[in-house]
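Please open the model in your viewer and keep the selection tool at hand, as this tour moves from one selection to the next and says what is found at each stop.

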Amino acid sequence: MSGPQVAIDLGRIERNARTIVERCALSDIKIFGVTKGTCGMPQVARAMLRGGVAGIAESRFENIRRLRDSGINAPVMLLRSPPMARVEEVVRTVDISLQSELTTIREISRIAERMGRVHDIMLMIDLGDLREGIWPSDLIPTVEQILEFKGVRIAGIGTNLGCFGAIMPTPENLGQLVAHAYKTERLSGKSLNFISGGASSSLTLLLEGKLPPGINNLRVGEAILQGGVETFRDVPWPELEPDACRLTSDIIEVKLKPSRPIGTSGYDAFGNQPVFADEGDRLRAIANIGREDVLVEGLTPIAKGVRVLGASSDHLLLDVQDADPRPTVGDRVAFRMNYGAMLLAMTSEYVEKAPMHDVADFSGRKMVSISAEPEAGGIIAREGTGARLEAMNFDVVELADVERPPSGLIRLAAGADRRIAHKALTATARATHSFG
């Protein structure tokens, strides 16, 4: 490991997904697992699917392509309406898409009809958050027009809350959603597959027994990936496990310095005028990550006595005066991330992403670990090697503990020529006491 890394605990993600799925099933609610927070990482999607989610929800075509190329054939929901130039890709690659613009829906219908298909849409209604969605007063005329299109089917009614206007789900606004769904069913003469009551933020109402009857779908990402730390601010859901995604970085400097900069204060590199309290001389550390990689305000140091002071584009400034033990150059420092910080860290090409399973998760299971050189990686993905192995009841895994691989692990290495065999045998010899 060299440089910043996000360690992704797939076991925790699977268990969190299972906890949410099982609780929601008591209210006849199916969960689509949202993977956009991890850039559509196939290992994360598979962990959610093992946890029982009904499908995967994504917002980026690049991520959907990554999921499909890895062999994932579960239902995929597109969370964001496409630009006109990519409408055909919607029809070809996803099972249902969230739509709110009649012009786009008309184009989807035209292309789907040309391809001999009928594309499912979830019609989004704006209930006050002021992001995407048709206004409720426009629902009936909009549905009437969509029913004339031959290439699309209204498979669901949904809403988004909390993402832009910070409007929280309530029994009142979600009750309105259910009423709008019933109007749509009466108008179309058909039952809807989905009445989608939002995202992780709606789980609070579920646990309080206040989610209106009729809601049968939620699109959940944050609560699965982060254990609901932000979703359940007041009283956490104790069955969910936090820290499924944890950021670590290297300490590259430790020095005693004044707590206030010296000289005439101006603007920093990001156009801000920072204000510093005078706490005297303090021991400060610098970690090799910055605003180019992560939302600094969303980081919480895990070690006690460590405090985030701020950051430039490449350097994270920490107060470590009260840390015990105090860090030294070369140590690693770990952080919890809120959803915004996780999103930026996962997007940054300078942060390594390491999906991991604890060795204990694999007792008694048949496992294959796949590594491929660039020349062979495309073939592995195109042939759906991982999915085909999973169909043969193997778990395709990436391990956190390479020094102690579990017994029974099969290492599959692919390369451009037979020299890959030497590399694979060398790596195996380093990782295990005997092999054959």
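Contact, as the word is used on this tour, means that heavy atoms lie within 4.5 Å. Keep in mind throughout that the model is predicted.

With that meaning of contact ready, select Leu318 and then look at the residues around it, leaving out those up to four places away in sequence: Leu318 touches Ile251, Leu283, Arg284, Ala285, Ala287, Val306, Arg307, Val308, Leu309, Val333 and Phe335. Leu318 belongs to the largest nonpolar core, which has 85 residues, and together with Ile13 and Ile20 it touches the most other members of that core. Now select helix α1, residues 10–25, which gives the most to this core by supplying 6 residues. A second core, separate from that one, has 11 residues, and among them are Phe32, Met77, Met124 and Ala155.

Stay with Phe32 for the next stop. How many aromatic pairs does the structure hold? There is 1 aromatic pair, and to see it you should select Phe32 and Phe194, whose rings are arranged edge-to-face, with 5.9 Å from centre to centre and 85° between the planes. Phe32 sits in strand β2 (residues 30–34) while Phe194 sits in strand β8 (residues 194–196), so the pair ties together parts that are 162 residues apart in sequence. Phe32 is buried, at 4% relative accessibility, and Phe194 is buried as well, with a relative accessible area of 17%.

The next selections concern charged side chains. Side chains of opposite charge can pair when their charged atoms come close. The structure holds 24 salt bridges, and a few of them are worth selecting one at a time.

Begin with Arg12 and Glu241, which form a salt bridge with their closest N and O atoms 3.7 Å apart. This pair links distant parts of the chain, because Arg12 is in helix α1 and Glu241 is in the loop between α9 (222–226) and β10 (245–258), 229 residues apart. Arg12 is partly exposed, with a relative accessible area of 25%, and Glu241 is also partly exposed, at 22%.

Next, select Arg18 and Glu14, where the closest N and O atoms of the salt bridge are 2.8 Å apart. Arg18 and Glu14 are 4 residues apart in helix α1, so about one helical turn separates them. Are these two side chains buried or exposed, or something in between? Arg18 is partly exposed, with a relative accessible area of 28%, whereas Glu14 counts as buried at 13% relative accessibility.

Then select Arg336 and Asp243, another salt bridge, with the closest N and O atoms 2.8 Å apart. Arg336 lies in strand β15 (residues 332–337) and Asp243 in the loop between α9 and β10, so this pair ties together parts that are 93 residues apart in sequence. Arg336 is partly exposed at 35% relative accessibility, but Asp243 is buried at 14%. For a wider view of charged partners, select Glu279, Arg282, Arg307, Asp319 and Asp322, which are joined into one network by salt bridges that share partners.

The last stop is at the cysteines. A disulfide needs two cysteine sulfur atoms within 2.5 Å, and by this rule the count comes to 0 disulfides. Select Cys24, which is in no disulfide, and note that the nearest cysteine sulfur, that of Cys163, is 17 Å away. Cys24 is buried, with a relative accessible area of 0%. Cys163 is likewise in no disulfide, the nearest cysteine sulfur being that of Cys39, 16 Å away, and Cys163 counts as partly exposed at 48% relative accessibility.

Definitions and conventions:
Residues numbered from 1 in each chain as written. Predicted model: local features only at pLDDT ≥ 70, side-chain atom pairs only at ≥ 80, totals over all residues. Heavy atoms only, no water. Buried < 20%, exposed > 50% of the residue type's maximum accessible area, 1.4 Å probe, protein only. Phe/Tyr/Trp six-rings, centres within 6.5 Å; stacked < 30°, edge-to-face > 60°. Helix = DSSP H or I, 4+ residues; strand = E, 2+ residues; numbered from the N terminus. Core = buried A, V, L, I, M, F, W, Y, C linked by side-chain atoms within 4.5 Å. Salt bridge = Lys/Arg side-chain N within 4 Å of Asp/Glu carboxyl O.
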